[in-house]
Amino acid sequence: MKKHGMAPSKGKKGHPLYYRWLEIKGRCNNPRHKDFKFYGARGIRVHEEWENNFLSFLSATGEPPFPSAQLDRIDNDKGYEPGNVRWIAPRGNTQNRRSSKLSKTGVVGVEIQRGKYRARIWVNGKFKNLGTFSTIQEAIEARRLAELSI
């Protein structure tokens, strides 16, 4: 006997990624979804072939490489589409964010302070200062290297 709300044990609805796929579609397409303002309202869409075809989505993204893997958009201004998604650890996913509207540099983790560029990164619930640099390029590179080392 099947309980209400339980997915069948076989088929696409029983696949662990099926509900992640539904969630992605919800935040991109449903104005009543709690996160729609961060996705659909900004123009973030699900690739046309993936929109109504879970198996196409699964074929393109593949299985998560480890249990805590999250599907991440490489460029946060683009949608869920081939070439813009990857499996990533939760820690790495928290580093891949849009720049704040208040940012004067337009670069996440790089800010101007007293005419210099300061780079920092959020690690284990705290900001870690990466240094102060003369050019924005140096600060961006320091930030990039710190992201890779996490």
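Guide: Two strands pair if DSSP finds at least two bridges between them. Helices (H or I, at least four residues) and strands (E, at least two) are themselves DSSP runs, numbered from the N terminus. What you're looking at is a predicted model, where local features need pLDDT of at least 70 and side-chain atom pairs count only at pLDDT 80 or more, while totals for chains, interfaces and linings use all residues. Residues are numbered from 1 along each chain as its sequence is written, and side-chain values use heavy atoms, with hydrogens and water left out.

Visitor: How do you know that strand β3 and strand β4 pair?

Guide: Count the bridges. There are four of them between β3 (residues 110-113) and β4 (residues 116-123), running in the antiparallel sense, so the pairing rule is met.

Visitor: Which residue in β4 stands opposite V110?

Guide: That's A119.

Visitor: And what do β3 and β4 form, with the residues between them?

Guide: A hairpin, with two residues between the strands. Check the backbone in that turn: R114 has a positive phi of about 55°.

Visitor: What makes E111 and R120 a salt bridge?

Guide: The rule wants a side-chain nitrogen of Lys or Arg within 4 Å of a carboxyl oxygen of Asp or Glu. The side chains of E111 and R120 come to 3.8 Å, N to O, so the pair passes.

Visitor: Are E111 and R120 buried or exposed?

Guide: Neither word fits. Buried is under 20% relative accessible area, exposed is over 50%, and partly exposed is in between (1.4 Å probe, protein chains only). E111 comes out at 27%, so the label is partly exposed. R120, at 21%, is partly exposed too.

Visitor: How many salt bridges does the structure hold?

Guide: Seven. One of them brings together the side chains of K34 and D35, at 3.0 Å from N to O.

Visitor: Why do K34 and D35 get their accessibility labels?

Guide: K34 has 64% relative accessibility, so it's over the upper limit and counts as exposed. D35 sits at 19%, under the lower limit, so the label there is buried.

Visitor: What about the side chains of R144 and E141?

Guide: Another salt bridge, at 2.7 Å, N to O. R144 and E141 are three residues apart in helix α5 (residues 136-149), which means about one helical turn separates them. R144 has a relative accessibility of 39% and counts as partly exposed; E141, with 34%, is partly exposed as well. Meanwhile, back at the hairpin strands, salt bridges that share partners join E111, R118 and R120 into one network.

Visitor: Now helix α3. What makes T61 count as buried?

Guide: Its 11% relative accessibility falls below the lower limit, so buried it is. T61 lies in α3, and if you leave out residues up to four places away in sequence, it touches L17, W50, L71, V85 and W87 (contact means heavy atoms within 4.5 Å).

Visitor: Which other residues of α3 are buried, and what covers them?

Guide: In α3 (residues 54-61), F54, S56, F57 and L58 are on that list along with T61. Their cover includes α1 (16-29), α2 (48-51), β1 (70-73) and β2 (85-88). Just after the helix, G62 takes a positive phi of about 75°.

Visitor: How many aromatic pairs are there, and by what rule?

Guide: Rings of Phe, Tyr and Trp (its six-membered ring) pair if their centres lie within 6.5 Å; planes under 30 degrees apart are stacked, over 60 edge-to-face, the rest tilted. By this rule the count comes to six. Take Y18 and F54: the ring centres are 5.4 Å apart and the planes at 75°, so the pair is edge-to-face. It links distant parts of the chain, with Y18 in helix α1 and F54 in helix α3, 36 residues apart. Y18 and F54 are both buried.

Visitor: What makes the pair of F54 and F57 tilted?

Guide: The planes are 40° apart, between the stacked and edge-to-face limits, with 6.3 Å centre to centre, so tilted is the label. F54 and F57 sit three residues apart in α3, which means about one helical turn. F54 has 1% relative accessibility and is buried, and F57 is buried at 2%.

Visitor: Which residues do ring pairs link into a cluster?

Guide: Y18, Y19, W21, W50, F54 and F57.
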